[in-house]
Structure formats: C-alpha cells, structure tokens
Amino acid sequence: LVVTNMCTMKWISHIALGMVICKALSIIFLWDLNYIHYAIICLFSILADIDSLIGIKHRTYTHTVYFAILLPLPLLFIDFHGKVDIQSYILGVTAYLSHLLGDMFNPSGVMLFYPKKTVYHALPSHLRFITGSNTEWFVLIGLIIISSSFMGFENNIQVSKVINALEENDIIADVTVSYKGLNRKLEDVKIVFTDGNKIGII
C-alpha cells in the first residue's frame with residue numbers, strides 16, 4: 001500500500017530535513033539556537049513552495065540557488081542591537097537549500113539554476129521516491145530520530161564554548177574551593193585549561 005497526495009507530509013519532511021541540517025551546523029560552529037532561529041528554520045525550509053501561492057510555475061524561480069541566497073538577506077538585519085546577524089542568515093540559506101535538496105530526492109528533480117533547464121537529482125533513479133510515499137514516511141521518521149539524537153550534543157555546546165574560551169583567553173574570576181568540608185574563597189584567580197582536558201586555577 002502506497003499513500004500518495006499528502007501535501008502535509010511533504011511540508012513536515014522539508015521542516016524535518018531543514019532542522020537536522022541546521023542543528024548539525026549549529027553543533028559544528030557551537031551556535032546557540034533560540035526560538036527565533038527555530039522559526040527561521042521552519043519558515044525557510046518550506047518557503048520555496050510559495051511559488052504555488054503567488055502564481056509562479058512550480059519548481060522554477062523559487063527553487064533556485066539564486067533565491068536561496070537572496071531571499072534570506074533580510075535576516076542579516078533582525079538583530080535588534082544594530083549588528084549584522086550572520087548566524088540567522090546562514091541558517092535561513094541552509095534551511096532554504098535543504099528544501100531544494102529534499103525535492104532532489106524525488107523523480108521530478110530541481111532546476112537549480114532556472115531558467116537553465118538542467119534538472120538536478122540527489123539520488124540515482126532507482127532510489128528516488130515520490131511525495132507522500134511510504135518511503136518518505138520512513139525518511140521522516142529517520143530525520144526525527146536523528147534530530148532527537150542531537151539534543152545531547154546541544155547540551156555540550158556551552159561546555160565546549162567555555163573550554164574554547166579558556167584555551168584562547170585569560171579568564172579572571174572569584175571562586176570558592178571546597179575541601180573536606182572547608183570552604184575557601186579565592187579572589188581574582190586565573191582559570192586555565194590544563195593538559196589532560198582539565199580546568200585549573202592559578
């Protein structure tokens with residue numbers, strides 16, 4: 001039994017794929033993701049399909065690399081502190097490109113450089129699957145599992161940031177040392193990253 005014509009499945013799959021790729025990116029670059037970032041990922045993972053809403057032929061202009069680069073440009077200016085928000089922009093571009101990648105898994109493929117008519121696929125012909133098929137359901141489940149597995153890595157991002165800071169900068173702080181029930185406060189000590197992946201003070 002093959003389930004077809006389920007557009008909601010397609011949207012969910014695009015969001016799941018965009019989430020997995022963007023989460024992997026955040027782990028690699030030690031980025032914190034907040035609710036705004038997750039909203040950006042969800043929106044730009046499906047934004048390419050806006051063509052059907054605005055009267056443009058499906059999988060043409062909005063399914064190109066050009067749009068993937070240009071459409072997220074406003075994200076550079078969503079930082080309310082007057083700074084250029086490179087992280088949000090990269091997440092937007094990545095999520096958008098993930099949509100194109102997802103469409104390249106099925107037989108129709110994508111003309112990444114439309115109006116050039118060359119069609120691109122991400123899989124050999126015998127592995128491509130149609131939207132809403134049982135195969136897509138299995139792919140979606142796999143993406144959800146992978147995304148969930150990233151949670152442990154996300155929890156270690158802050159620790160990695162501290163370690164990187166210790167390796168690259170001098171950090172001065174007040175600390176309290178406990179030993180055999182006795183507490184001693186040390187002021188203005190330097191926190192260092194020692195050999196053997198241990199944190200020490202001097």
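**A tour from the cavity to the surface**

In this predicted model, the structure holds one cavity of 30 Å³ or more, and the largest cavity has a volume of about 160 Å³. To find it in the viewer, select Ser13, Gly102, Phe105, Phe129 and Glu136, which are the closest to its centre among the 14 residues that line it.

Next, colour the three helices α1 (7–28), α5 (86–103) and α6 (134–155), each of which supplies at least two residues of the lining of the largest cavity. Of the elements that contribute, α1 gives the most to this lining, with four residues.

Now step back and show the whole chain as a cartoon, where seven helices and three strands can be traced; followed along the sequence, they appear in the pattern α-α-α-α-α-α-α-β-β-β. If you display contacts between residues at least 6 apart in sequence, 55% of them join residues at least 24 apart. Buried residues account for 37% of the 202 residues in the chain.

Switch then to a surface representation, in which the chain exposes about 12400 Å², with carbon and sulfur atoms supplying 66% of that area. Select Tyr66, Ile69, Leu70, Leu73 and Phe113 on this surface, and you will have the residues that make a nonpolar patch of about 430 Å².

Finish by picking out Leu70 from that patch, a residue found in helix α4 (residues 65–70). Is leucine 70 buried or exposed? Leucine 70 has a relative accessibility of 53% and therefore counts as exposed, since that class begins over 50%.

Note on methods: Residues are numbered from 1 along each chain as its sequence is written. This is a predicted model: local features need pLDDT of at least 70, side-chain atom pairs count only at pLDDT 80 or more; totals for chains, interfaces and linings use all residues. Side-chain values use heavy atoms; hydrogens and water are left out. Patches are made of residues with over 30% relative accessible area and no salt bridge: like charges are joined within 9 Å, nonpolar side chains (Val, Leu, Ile, Met, Phe, Trp, Tyr) within 5 Å. Accessible areas come from the Shrake-Rupley method with a 1.4 Å probe; for residues, only the protein chains shown count as cover. A salt bridge is a side-chain nitrogen of Lys or Arg within 4 Å of a carboxyl oxygen of Asp or Glu. Buried means under 20% relative accessible area, exposed over 50%, partly exposed in between (1.4 Å probe, protein chains only). Contact means heavy atoms within 4.5 Å. On a 1 Å grid over the protein atoms alone, a cavity is a set of points where a 1.4 Å probe fits but cannot get out, and a pocket is an open set with protein on both sides within 12 Å along at least five of seven lines; lining residues have an atom within 4 Å of a point. Grid points are joined across faces, edges and corners, and a volume is the space filled by probe spheres set on the points.
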